[in-house]
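Work through the two exercises below with the sequence and the structure side by side, and try each task before you read its solution.

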Amino acid sequence: MIDIDLARRLGLGPELLAVHLGKAAVPGTGARLISHSPIDGHPLAQLAQAAPEQVASVLEASRSAFGRWRQVPAPVRGEFVRRFGNLLRAEKEALAELVTLEVGKIRQEGQGEVQEMIDICDFAVGLSRQLDGKVIASERRLHRLTEQWHPLGPVGVITAFNFPVAVWAWNAALAWVCGDSVVWKPSEKAPLCALACQMLVQRVILELPEVPSEISSLIIGGADIGAAISRSHDVPLVSATGSVRMGRIVAETVAHRLGRSLLELGGNNALVLTPSADKDLALRAAAFSAVGTAGQRCTSLRRLIAHHSVADDFSARLLKVFGTLAIGDPRSPDVLLGPLIDEHAYEAMRAALEAARAQGGRVHGGERVEAGVPSGGIYVRPALVEIAASAPIVQEETFAPILYLHRYDRLEEAIAINNQVRQGLSSSIFTRDLLEAELFCCAVGSDCGIANVNVGTSGAEIGAAFGGEKETGGGRESGSDAWKVYMRRATNTVNFGTALPLAQGIRFDLE
Ligand code: UN1
């Protein structure tokens, strides 16, 4: 169970309810769900999950709230998000602590995740005064041709365990300033984090009479809840973060009713290490990206593509880091690698390493750590696997700290290896050669949504658009102009003359 003070700060009462229609909540009528801490396997909380037949009433409430919310001026909507960001600032420690407890992130990363929520709130506040459209030159005299953006409707947000609060916030903060309502289906592995966010946001809503509480709704349940949201014509946009398997189901379901989906799915991210690279920087970046969040970020570094002249030396240094890294209770300040989320994650890691061996890979590390770590949790040493880039296992995204090492001779070859996987989220090159850096970032370079130079694959800022190509799903969240997907575009042609000229010069004279 979680500490009573922490629960109180975050508004978590003794009885947890799975279905939240704004400030009103009702118990789920589905199966029992127990949230365990990956730190030591202890149960943190239990509740009855929502059943799919409970989804319709939430969507109805969300749609009706949308009807009112879209009429509130965008800067006023921004004021609500500003206050939410301020509350997050005040409760950063508490929420980060819950993230650490429920998904096992080290403290620094838990706090970083809440900071990411604060950052997106700030971004959204600014955006609330900048939802701009275009004025386009009309081919007709005394005509004005413009584009404006209108609120879209309820947005379904499906999130994964590994960013149990930030990914919802990326979506919610933008959706709210855009005038949309939000219905959240969080991971079953992190229900408490979701409940805490819902409680915090409702605290802000209480202060502001013009904000309908149902602009923030939450349904805790399994895949059947995600499916019900995806099927509903009441939800014009479904934003889903998670596995390719899940994303494909969401995409197909939403496409069937010709809705819109925003997908942020698997990554299989590579770092190219060139001869001119600053090896110290590259070492820190590779270690953080490979090991951060125990290799369970969609941006985690999974493949190191090293020039043959530097591969041996660099991999020896990296192995030393992996071998001596402090592994254990994520709450202790010197620990850099916390637990895997659960037994399934460990099974997947073991199976991937076995497959790698069978495919000719040389595996270093990757063993389970049992000494000096809390019992009941799953702790592993990161693995470095020397393997051919053609081995089938390197096509797979295994959510664990496994780093495959390939060697290359020519940069074109490294870029080809970078691009040969089905996923296309993040990529990085370490070089001090301008020509190499630019080649990597240009049209024939990395095919990923993110291509970095002398920066690792993970830890993107919220100011730019975040997402990737190919099986990553093509969606873009957070910064830049990602807000446009949360709105509908209207083209307006206004004739302020006294004649009716037709476009394309067509004549259609009635007399
Ligand atoms: C994710 O793993 O789903 O770039 C999101 C990063 C973080 C977000 C990761 N800002 O690593």
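**Exercise 1. The sheet**

In this predicted model, find the open sheet and work out the order of its strands, which strands lie at its edges, and how β14 is joined to β17.

Solution. Begin by tracing the sheet from one side to the other: seven strands make it up, in the order β14-β17-β18-β13-β12-β20-β21, and their pairing is mixed. Next, look at the two ends of that order, where β14 (362-365) and β21 (450-453) are the edge strands, each of them pairing on one side only. From one strand to the next, the twist averages 20°. Now turn to β14 and its partner β17 (residues 383-386), which run antiparallel and are joined by four bridges; within this pair, H364 has L384 of β17 as its bridge partner. Finally, look for the helix that lies across β12, β13, β18 and β20, which is α13 (residues 411-419), running at about 150° to β18.

**Exercise 2. The ligand**

Identify the polar side-chain atoms of E116, N162 and R297 that face the ligand atoms listed in the solution, and describe the shell of residues around the ligand.

Solution. Take the contacts one at a time, starting with E116, which has a polar side-chain atom 2.9 Å from a nitrogen atom of the ligand. For N162, the distance from a polar side-chain atom to an oxygen atom of the ligand is 3.2 Å, while an N or O atom in the side chain of R297 lies 2.8 Å from a ligand oxygen atom. The protein covers 99% of the 330 Å² of accessible area that the ligand has on its own. As a last step, sort the shell by residue type, which gives five nonpolar, four polar and three charged residues; among the residues around the ligand are also F163, W170 and T299.

Conventions:
Residues numbered from 1 in each chain as written. Predicted model: local features only at pLDDT ≥ 70, side-chain atom pairs only at ≥ 80, totals over all residues. Heavy atoms only, no water. Near = heavy atom within 4 Å. Polar contact = N/O pair within 3.5 Å; in protein donor to acceptor, adjacent residues only side chain to side chain. Areas by Shrake-Rupley, 256 points an atom, 1.4 Å probe, with all protein chains shown as cover. Nonpolar A, V, L, I, M, F, W, Y, C, P; charged D, E, K, R; others polar. Pairing = 2+ DSSP bridges. Axes fitted to C-alpha atoms, helices over the stretch in contact; angles between N-to-C directions. Contact = heavy atoms within 4.5 Å.
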